[in-house]
Amino acid sequence: MERYTPPPQSKLGQIFDVLVLLVLTVGALYVPLWLGLAGSAQVHQTVDAPTWESLNQNAAMVEQWGKLGFADAEAAAPLITARFDYSFSIFALVAVIITVVGYYAMMLKLSEKEYRDVIAEKFGKE
Amino acid sequence: MSDTATNTPGIAGEAERAAAQNGGLLRVLGPAHIWALGVGIVLVGEYMGWNFAVGKGGAYAALIACWFAGILYSCVAMIDSEVTSTVAAAGGQYTQAKHIVGPLMAFNVGLYLVFAYTMLEAANAITVGFLVETVAGMTGHEGLDPQPFIVLAIMFLAWLNYRGVLATLTFSLVITAFAFSSILILFLATSPVFGDSPLRHAELMTDLPYGWLGVLAAMHFGLWYYLGIEGTCQAAEEVRSPARSLPFGTLAGIMTLLIAATLTWYVSVGLMPWEYLGQSGVPLFDAARMSGSTALTVLLGIGTLFATLASANGCINDASRAWFAMGRDHYLPSWFGAVHPVYRTPYRAIIFLVPIALIFALGAPLDQVITFSILSGLLEYTFMPLNVILFRRKWPLETIKRGYEHPFHPLPAITLLCLCGITFFAVFLGYGTQLVAMIAFYIVVSLWFHFWRYRFVRRAAQFTMPWPKPQGY
């Protein structure tokens with residue numbers, strides 16, 4: 001098989017490639033943050049005039065909260081009432097499964113195409 | 001060194017050996033350094049981050065997640081030890097993917113490694129800042145700005161990595177041993193075996209607050225107990241005897257972590273209500289404070305600091321090796337493939353990754369950064385079973401000498417694939433948008449690589465192992 005010779009890349013081209021990767025990387029985390037889409041699906045239940053009893057905390061728990069610096073139930077309430085919302089739609093789950101499986105399928109297919117060229121050039125075709 | 005290269009299965013051919021002798025990375029590390037690299041990166045997971053699993057599912061859910069994640073990582077260590085003992089080159093799983101699956105997969109795996117480790121490094125730096133801020137508050141200096149300490153930690157460790165791998169990993173060995181000993185001392189000091197114990201499991205433990213769905217969800221942060229152990233094989237080109245040292249260091253590392261993770265869970269849930277523990281920034285330090293012992297508080301404070309530094313240190317080491325390897329292969333601009341003429345380290349890759357770590361450490365919340373790291377790790381673990389199945393199919397056992405052969409194939413691969421599927425669902429529960437954003441990122445960069453960047457890559461030159469032609473080609 002004829003040996004593939006890559007074209008030379010200018011310094012400017014190399015810098016541009018690095019910048020593209022850098023922008024994509026930072027964007028992957030910060031764009032969802034800026035759009036308010038990132039972060040845990042944690043919600044805080046509002047409890048009026050919370051007491052240790054209404055927050056379901058027994059005597060030992062109250063003692064430990066005290067040692068942690070939470071003098072009263074009101075101070076600890078935001079932590080105690082924080083809960084994840086695990087409700088989800090089947091549509092969203094199916095969409096995520098298709099995205100993940102599709103990603104791997106695409107990658108394996110394109111990789112295989114590239115890999116065959118590598119092996120053919122390295123070992124020659126039988 | 002040349003003897004090692006000649007006699008070790010999987011060491012690259014003449015061109016790479018010559019590079020190693022004349023201008024490549026130095027082979028100076030032993031099995032203890034590999035243990036320190038693996039455990040050093042991961043042990044911080046016991047000091048912070050694992051406890052978010054308590055927040056996602058409750059105390060028992062975190063324990064179940066700890067053990068299932070332990071099974072996941074045992075599969076990772078077994079599979080990785082076999083492939084790495086054969087593909088002993090810088091870049092670790094990236095180099096494996098390049099030889100076994102294909103260039104695009106390798107490019108993605110290289111990015112998984114770089115981002116998993118760089119985000120972990122950023123998370124460590126955030127924790128250093130948080131710890132300094134907490135200690136300052138306890139000593140009457142409230143309002144201390146943690147950001148200079150974050151910058152200082154990253155810059156110092158990058159400098160250490162720049163100066164040489166032996167000093168870097170010897171430093172890691174010492175501080176990792178200290179941090180691991182601190183966990184053992186905390187367990188022994190609070191254990192009922194030695195008299196009065198402050199542990200109150202009977203009163204503090206509750207039922208599963210989210211039911212069994214919470215147990216599934218807890219797998220997300222359950223990975224944090226062990227994330228990064230696979231980084232041992234990044235040092236493959238700097239180990240004196242890769243076929244022996246890499247499997248030994250990796251498997252000893254996972255055993256150490258299984259013990260540390262279980263002890264950490266036991267002590268922490270016996271001292272703190274799960275609602276607090278699930279949101280704590282420095283849970284082991286908090287556990288030491290709750291024990292009422294000043295000596296333990298100081299010990300675990302130093303332990304937390306050392307664990308974060310050891311982890312960040314290992315992360316810089318591993319991320320830079322993966323970036324360096326991709327530069328050397330022209331997957332990235334070849335400028336990154338340079339080795340320092342005096343220190344023999346991939347210095348350009350080390351320097352380049354510093355600002356990326358700083359961007360995330362100074363600007364993003366801890367749980368987001370951790371999730372970013374976990375997701376990159378998870379994508380990598382999903383690649384591993386595919387990798388080992390293809391490896392055994394293309395090069396059956398009799399065709400290439402392995403330094404280590406993992407037993408029960410393909411059972412570990414199938415188990416790992418199933419556990420990865422469960423963990424994807426766990427991340428989806430609560431952090432679904434980040435999962436989609438992350439996959440979208442990898443799809444875009446994959447297309448960029450395949451349709452643009454790959455034209456600058458030589459074809460046959462990517463295959464550097466002295467292996468026969470793969471079966472089926």
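**Entry 1: polar contacts and salt bridges across the interface**

I began with the polar contacts in this predicted model, and between chain A and chain B I found 22 residue pairs in polar contact, with both residues of a pair at pLDDT 80 or more. I then looked up which parts of chain A supply the side that touches chain B, and the elements giving two or more residues are helix H1 (11-34), helix H2 (59-67), helix H3 (73-81), strand S2 (82-84) and helix H4 (90-123) of chain A. H4(A) gives the most to that side, with 21 residues. Sorting the side of chain A that touches chain B by class, I noted 43 nonpolar, twelve polar and twelve charged residues.

I next turned to the salt bridges between chain A and chain B, of which the count is two. One that I looked up joins the side chains of Arg453(B) and Asp17(A), at 2.6 Å from N to O.

**Entry 2: extent of the interface**

I asked myself how many residues of each chain are in contact with the other. I found that 67 residues of chain A are in contact with 94 residues of chain B. The area buried between the two chains comes to about 7,200 Å², and carbon and sulfur atoms give 72% of that area. On the side of chain A, I noted that Tyr86(A), Glu114(A) and Tyr115(A) lose the most area to chain B, and that together they make up 11% of what that side buries.

**Entry 3: a bent helix in chain B**

I then followed helix H19 of chain B, residues 411-451, and compared its span with that of a straight helix. A straight helix of 41 residues would span 60 Å at 1.5 Å a residue, whereas H19(B) spans only 36 Å between its end C-alpha atoms. Where does H19(B) bend? I located the bend at Tyr431(B), where the angle is about 120°.

**Entry 4: the loop before H19, and a second loop**

Over all chains I have a count of nine salt bridges. One of them is formed by the side chains of Arg402(B) and Glu82(B), at 3.2 Å from N to O. Arg402(B) lies in the loop between helix H18 (366-394) and H19 of chain B, while Glu82(B) lies in helix H6 (residues 59-84) of chain B, so this pair ties together parts that are 320 residues apart in sequence.

Pro410(B) is also found in the loop between H18 and H19 of chain B, and a cis peptide bond, with omega of about 10°, joins His409(B) and Pro410(B).

Last, I checked His330(B), which sits in the loop between helix H16 (294-328) and helix H17 (347-363) of chain B. Phi of His330(B) is near 70°, and I marked this as a positive value in a residue other than glycine.

Conventions: Residues are numbered from 1 along each chain as its sequence is written. Chains are lettered from A and ligands numbered from 1 in the order in which they are written. Side-chain values use heavy atoms; hydrogens and water are left out. Contact means heavy atoms within 4.5 Å. Buried area is the accessible area (1.4 Å probe) that two parts lose on being put together, summed over both. A salt bridge is a side-chain nitrogen of Lys or Arg within 4 Å of a carboxyl oxygen of Asp or Glu. A polar contact is a pair of N or O atoms within 3.5 Å; within protein, one must be able to donate a hydrogen and the other to accept it, and residues adjacent in sequence count only if both atoms are side-chain atoms. Helices (H or I, at least four residues) and strands (E, at least two) are DSSP runs, numbered from the N terminus. Ala, Val, Leu, Ile, Met, Phe, Trp, Tyr, Cys and Pro count as nonpolar, Asp, Glu, Lys and Arg as charged, and the others, Gly among them, as polar. The expected span of a helix is 1.5 Å times one less than its number of residues. The bend at a residue is the angle between axes fitted to the seven residues ending there and the seven starting there.
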